[in-house]
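Please open the structure in a viewer and keep the sequence at hand. The tour below proceeds by selection, and each stop states what is to be found there.

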Amino acid sequence: FSFDMTEKHIGFSPKNKNGKYIFSVGESWGTVEFCSDKYTLSVLGNPLKLGSISLPECENIKEITVDGAKIDFVSTEAKISFPDAEIKENMIFSIK
């Protein structure tokens, strides 16, 4: 787990390709679930403002949604960048 909130960046590097984990950063907390080719981040408390995320094999990402609405993104080997998104409590940030 890594983060730089001045850059609105968060990163995950799970040991297992499948699993659900809790995270806490700044005043936000929630869960992140890894399920082979899908990543789901759920905020359970206080909004999380993001502009990029690092994940394994992020150059293969095909779609990002926030509560079901697609957002534009640019993917490189190291990270996925997108217009600043505020993920509020009970919203789902999904990456496929």
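Is S94 buried or exposed? The model on display is a predicted one. Select S94: its relative accessible area is 7%, and because buried means under 20%, S94 counts as buried. The residue is found in strand β11. Apart from neighbours within four places in sequence, S94 is in contact with K38, Y39, T40, E63, I64 and T65.

**The six-stranded sheet**

Next, select the strands of the sheet to which β11 belongs. Six strands form this open sheet, in the order β3-β4-β5-β11-β7-β8, and the pairing is antiparallel. At the edges stand β3 and β8 (69-70); each has a single partner strand, so one side of each is left without a neighbour in the sheet. Now display β11 together with strand β5, residues 38-45: four bridges pair them in the antiparallel sense. Within this pairing, L41 stands opposite F93 in β11.

**From F93 to F82**

Keep F93 selected and add F82. The ring centres of F82 and F93 are 5.4 Å apart and the planes are at 50°, so the pair is tilted. This pair links distant parts of the chain, with F82 in strand β10 (residues 80-87) and F93 in strand β11 (residues 92-95), eleven residues apart. F82 and F93 are both buried.

**The five-stranded sheet**

Strand β10 leads to another open sheet, made of five strands in the order β1-β2-β6-β10-β9, with mixed pairing. Its edge strands are β1 (2-4) and β9 (74-75), each of which pairs on one side only. Select strand β6, residues 48-54, with β10: the two run antiparallel and are joined by five bridges. Here L50 has A85, in β10, as its bridge partner.

Which strand holds F3? Move to strand β1, where F3 is found. With a relative accessibility of 47%, F3 counts as partly exposed. Leaving aside neighbours within four places in sequence, F3 is in contact with H9, I10 and V25. For a view across the fold, add P47: F3 and P47 are 44 residues apart along the chain, and their C-alpha atoms are separated by 15 Å.

**The aromatic rings**

How many aromatic pairs does a search of the whole structure find? The search finds seven. One of them can be inspected by selecting F12 and F23: the ring centres are 6.2 Å apart and the planes are at 75°, so the pair is edge-to-face. F12 lies in the loop between β2 (9-11) and β3 (18-25), while F23 lies in strand β3, eleven residues away, and the pair links distant parts of the chain. F12 and F23 are both buried. To widen the view, select F1, F3, F12, Y21, F23, F34 and Y39, which form one aromatic cluster.

**The largest pocket**

The last stop begins at Y39, a member of the cluster and also one of the residues that line the largest pocket. Select S36, D37, Y39, P56 and E57, which lie nearest the centre of the pocket among its 13 lining residues. How do the residues of this lining divide into nonpolar, polar and charged? Five are nonpolar, three are polar and five are charged. The space in the largest pocket comes to about 250 Å³.

Methods. Residues numbered from 1 in each chain as written. Predicted model: local features only at pLDDT ≥ 70, side-chain atom pairs only at ≥ 80, totals over all residues. Heavy atoms only, no water. 1 Å grid on protein atoms, 1.4 Å probe; cavity = no way out; pocket = protein on both sides within 12 Å on 5 of 7 lines; lining within 4 Å. Points joined across faces, edges and corners; volume = space filled by probe spheres on them. Nonpolar A, V, L, I, M, F, W, Y, C, P; charged D, E, K, R; others polar. Phe/Tyr/Trp six-rings, centres within 6.5 Å; stacked < 30°, edge-to-face > 60°. Buried < 20%, exposed > 50% of the residue type's maximum accessible area, 1.4 Å probe, protein only. Pairing = 2+ DSSP bridges. Contact = heavy atoms within 4.5 Å.
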